[in-house]
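Below are some notes for a colleague who will be working from these coordinates. They begin with one helix and then turn to the cysteines, the chain as a whole and its nonpolar cores.

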Amino acid sequence: MKKRLIKNKSKKSLKKNLNRIYKMSNLFNYDVNLQPAVMDIRSETLEPISSATNRFVFRLDQAGELDANSVLLFKPVSLQGDDTLDNLLRVNPYGGGLLAIKRATFQVGDYVLNDVSDIGKISSLVDLGAVNKASQSKYNSHYFQNNFHTKVLDSAGVGAGISTETQFGGAGTIVYDRHRSAFDFGLPNSVTTTDAGTRVNNCIITRDKNTSHQIGIPLGNIFPCLKGQTIPLFLFQEYRILMTIEFHDCALWCNQATAGGNMTCASGIVVPQDVKLQVDYIIYPSEVQNAMRQQTAQQGGLNLVFPDIIKVEKQIPQATANLEQKVEHRLGMDNKEVHKIYMIKQLDRAGTPNALDRMLLDARCDGMNQEEYNVNIDGVDIFVEPKFSPSSQFDETTYCLGGDLSVPRPMYFNDENTIMSRLADSRGGLLGKMKPLCLDLDNGSAGYLGSGRQIGAYPIIWKYKRRPCGNTVSKSQHSSATEYIQADLTGALNVDYFVYCSRTATIMNTPSGTMVNVAY
């Protein structure tokens, strides 16, 4: 018995000693099980393989992954032949060079990932709308050259001070800060013209591309498929990867300082030159790339889910002042998952720019003094009652943007109370110039696919109603002539609907090679 007890004690002590040795060895074990985290970035400057009038095509390598930080670069150059017209041109202070992008197409072989028309217009709302204007002027101006400030007139400006800033306003009126902003539109004179004193404050467009300032557009602003994710270019070895960029005519994104004019440059005066693509190819470790290749060989392949934007163009005919006008627009989104809808409308100028549009140019979204809307999906109205209050409409815009639309109040609110209180002067170019009508259809689910509203064969019906005012007459402060504190809003409207939908790219590895399929 004693021998057995001794043996048991020796076994227990041996285990204790082994445990102590094991614990001590852990103190000196510095091995760490690290996942491969070595990443390389290869930067290249790509020249277009094809260029035509305002249209440029780039070809990307099948290497690494592409993210939203690659940049489209170009320089706006003046074609003015007269030296006296130099130093008068600049990109728009609100949207900057972003408004220059008319259409952006990203395709892999014959399969199109994104093909968005008027992407600059919707991007200036969605990407910049919820950003404070001061922050935009500090950060985004590095890329877009936008520089837009407003100020509130105080009692110290009574008399000559106010008459140089606004035609009908006074203390408390919100006006464009022409000294701090990119462009000085001069002194207010009448509804159709502007006094002398206009000038460009910075970033002048010259006739030499070597002296014109360069504009950079991050690809994430013009290609929705790059937002929040990367595109694995290395998986498309058997396909050509092309990016096509089309530019608007300069009248939609450039201002010209001319006394007594509409402050919009004529067609064809400014063109983009030295257009190139600064691409960053992100090269991940081989283990990461091989894991993605293995997913393409599995059943169902590798699925990339991303948003796509479908633009639908509609029109609203001219109305009669103070009479109700109703229209219904049908948006065919058969078998698509819709997330958000933005309605952007502009008064039809019949090809003639208006001085009232000089602040925002193509970024503007004209609002009515009285308007309401409702949306019918699958035979059921989304809202119990039409959205008629500007505050309620603003809330829906906030839901879509993910934050409050960061513009001065009278740029969105231009109802009768705002007009008559002179919170902003119609002549100043701010009143009612940024009022999108929106619809948020997200259901709160995680991820992008499955978090929207599935649309069947029946089209979406957008019900719109307005009661526009005519010219609202008042006496000018510093002239005996009759002027308008609110310009006529009865004109025809050009309406653009931007519909955000889910889109899926499926990459599969088959015995015959890599196969790509893109579908809604």
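1. The model is a predicted one, and a convenient place to begin is the end of helix H3, which is followed by Gln-145, a residue whose phi is positive, near 65 degrees.

2. Helix H3 itself, residues 133-144, deserves a look at its geometry: with twelve residues, a straight helix at 1.5 Å a residue would reach 16 Å, yet the end C-alpha atoms of H3 are only 13 Å apart.

3. The burial pattern of H3 is one-sided. Lys-133, Gln-136, Ser-137, Asn-140 and Phe-144 are its buried residues; they lie on the same side of H3 because the arc they cover around the axis is only 125 degrees. As background, an α-helix has 3.6 residues a turn, so residues three or four places apart point the same way. On the face turned away from the buried side, H3 carries the exposed residues Lys-138, Tyr-139 and His-142.

4. What do the buried residues of H3 pack against? Their partners are two strands, E6 (89-91) and E13 (215-218), together with helix H5 (219-222).

5. The cysteines call for a separate remark, since the structure holds zero disulfides. Cys-438 is in no disulfide, and the nearest cysteine sulfur, which belongs to Cys-400, is 4.7 Å away, whereas a disulfide would require the two sulfur atoms to be within 2.5 Å. Cys-438 counts as buried because its relative accessibility is 0%, and Cys-501 likewise counts as buried, at 0% relative accessibility.

6. For the chain as a whole, the secondary structure comes to nine helices and 29 strands, and buried residues make up 52% of the 520 residues. Among the contacts with a separation of 6 or more, 74% are accounted for by residues 24 or more positions apart. The accessible surface comes to about 23600 Å², and 50% of that area belongs to carbon and sulfur atoms.

7. The largest nonpolar core has 90 residues, of which Leu-72, Phe-106, Ile-122, Ile-222, Phe-223 and Tyr-342 touch the most other members. Strand E17 (residues 270-283) supplies the largest share of this core, namely five residues. Apart from this core lies another, of 29 residues, which includes Met-333, Val-338, Leu-347 and Cys-469.

8. Which residues does Ile-222 touch, not counting those up to four places away in sequence? They are Leu-72, Leu-98, Ile-101, Ala-104, Ile-119, Ile-217 and Ile-245; Leu-72, like Ile-222, is among the residues of the largest nonpolar core that touch the most other members.

Definitions and conventions. Residues numbered from 1 in each chain as written. Predicted model: local features only at pLDDT ≥ 70, side-chain atom pairs only at ≥ 80, totals over all residues. Heavy atoms only, no water. Helix = DSSP H or I, 4+ residues; strand = E, 2+ residues; numbered from the N terminus. Expected span 1.5 Å × (residues − 1). Buried < 20%, exposed > 50% of the residue type's maximum accessible area, 1.4 Å probe, protein only. Arc of directions from axis to C-beta. Contact = heavy atoms within 4.5 Å. Areas by Shrake-Rupley, 256 points an atom, 1.4 Å probe, with all protein chains shown as cover. Core = buried A, V, L, I, M, F, W, Y, C linked by side-chain atoms within 4.5 Å.
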